[in-house]
Amino acid sequence: MTKRVTELLILGGFLALAFLLYRSTAAYPESVQGSTAMYVRFLAGSLGLLCAIEIAAWLKTREQEIREKLNISAAPVRFWGLLIELVIYSLLLEPLGFYLASLVFLPVAMVTQGARKPFSIGLTTAGVLLFVFLVFEKLLAVPLPERLWF
């Protein structure tokens, strides 16, 4: 399978998801049509617009990029390492909670993917966790997984 076909399949799936997400808001109760339904419609519209822009850019690709094969094995250690780390991260979310598990996962994943500067790794980890705290906990009041241990 070529990289171009794979990208087209993924973009088509996201466009279908955007359409279904938008259509699902019609079934929302009348009481949330002005708030929650509008938010979901905004997300669906944004997803659909970004997919349409990406498809337009995809159509303008050069001839040599069209025949490029999808090659997961170009960096197998990075690919399989990240996959294993994601599984371990998902298993650690419940006992350690979101913040502690993420504090361990993010630097390990960055090193696996090739990052080498400790200052950049620490700054990125702190920035991501601060952003998640401010947006999801403070602004949106989304409950994140809490720890079971200690």
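**Helical spans and aromatic contacts in a predicted model**

Residues 39–59 are 100% helix and 0% strand, with the C-alpha atoms at the two ends 30 Å apart. This description, like those that follow, refers to a predicted model. Residues 39–59 are also one of the spans that the UniProt record, an unreviewed entry, annotates as "transmembrane region"; the same annotation covers residues 79–101 and 121–141. For residues 79–101 the content is likewise 100% helix and 0% strand, and the end C-alpha atoms are separated by 20 Å.

The protein as a whole contains five helices and zero strands, and its pattern along the sequence is α-α-α-α-α. Of its 150 residues, 22% are classed as buried.

Helix H2 comprises 24 residues, from 36 to 59. The distance from its first C-alpha to its last is 35 Å, close to the 34 Å expected at 1.5 Å a residue. Several positions of H2 are buried, namely Ala 37, Val 40, Arg 41, Ala 44, Gly 48, Cys 51 and Trp 58. In an α-helix there are 3.6 residues a turn, so residues three or four places apart point the same way. The buried set in H2 includes Ala 37, Val 40, Ala 44, Gly 48 and Cys 51.

Helix H4 extends over residues 76–112 and contains Trp 80. Leu 82 is placed in H4 as well, and so is Gly 97. Their accessibilities can be set side by side. Trp 80 has a relative accessible area of 48% and is therefore partly exposed. Leu 82, with a relative accessible area of 28%, is also partly exposed. Gly 97 is buried, because its relative accessibility is 2%, the cut-off for burial being under 20%. In space, the C-alpha of Gly 97 is 7.8 Å from that of Leu 144, although 47 residues separate the two in sequence. Leu 82 and Phe 105 are 23 residues apart in sequence, and their C-alpha atoms are 9.9 Å apart.

Aromatic contacts were examined next. A pair of aromatic rings is described by the distance of the centres and the angle of the planes. Four aromatic pairs are present in the structure. In the pair of Phe 79 and Trp 80, the ring centres are 4.9 Å apart and the planes stand at 80°, so the arrangement is edge-to-face, a class that requires an angle over 60 degrees. Phe 79 has a relative accessibility of 34% and is therefore partly exposed, and Trp 80, at 48%, is partly exposed too. The pair of Tyr 89 and Phe 105 has ring centres 4.5 Å apart and planes at 25°, so this pair is stacked, given that stacking applies to planes under 30 degrees apart. Tyr 89 is buried because its relative accessibility is 15%; the value for Phe 105 is 15%, and Phe 105 therefore counts as buried. In addition, Phe 98, Tyr 99 and Phe 133 make up one aromatic cluster.

Phe 79 and Trp 80 also contribute to the surface. Together with Leu 83, Ile 84 and Ile 88, these residues make a nonpolar surface patch of about 480 Å². The edge-to-face pair of Phe 79 and Trp 80 thus belongs to a patch on the surface, whereas Tyr 89 of the stacked pair is buried, as is Phe 105.

Terms used:
Residues numbered from 1 in each chain as written. Predicted model: local features only at pLDDT ≥ 70, side-chain atom pairs only at ≥ 80, totals over all residues. Heavy atoms only, no water. Phe/Tyr/Trp six-rings, centres within 6.5 Å; stacked < 30°, edge-to-face > 60°. Buried < 20%, exposed > 50% of the residue type's maximum accessible area, 1.4 Å probe, protein only. Patch = residues over 30% accessible without salt bridge, like charges linked within 9 Å, V, L, I, M, F, W, Y side chains within 5 Å. Areas by Shrake-Rupley, 256 points an atom, 1.4 Å probe, with all protein chains shown as cover. Salt bridge = Lys/Arg side-chain N within 4 Å of Asp/Glu carboxyl O. Helix = DSSP H or I, 4+ residues; strand = E, 2+ residues; numbered from the N terminus. UniProt positions renumbered as here; feature names shortened; annotations may be inferred. Expected span 1.5 Å × (residues − 1).
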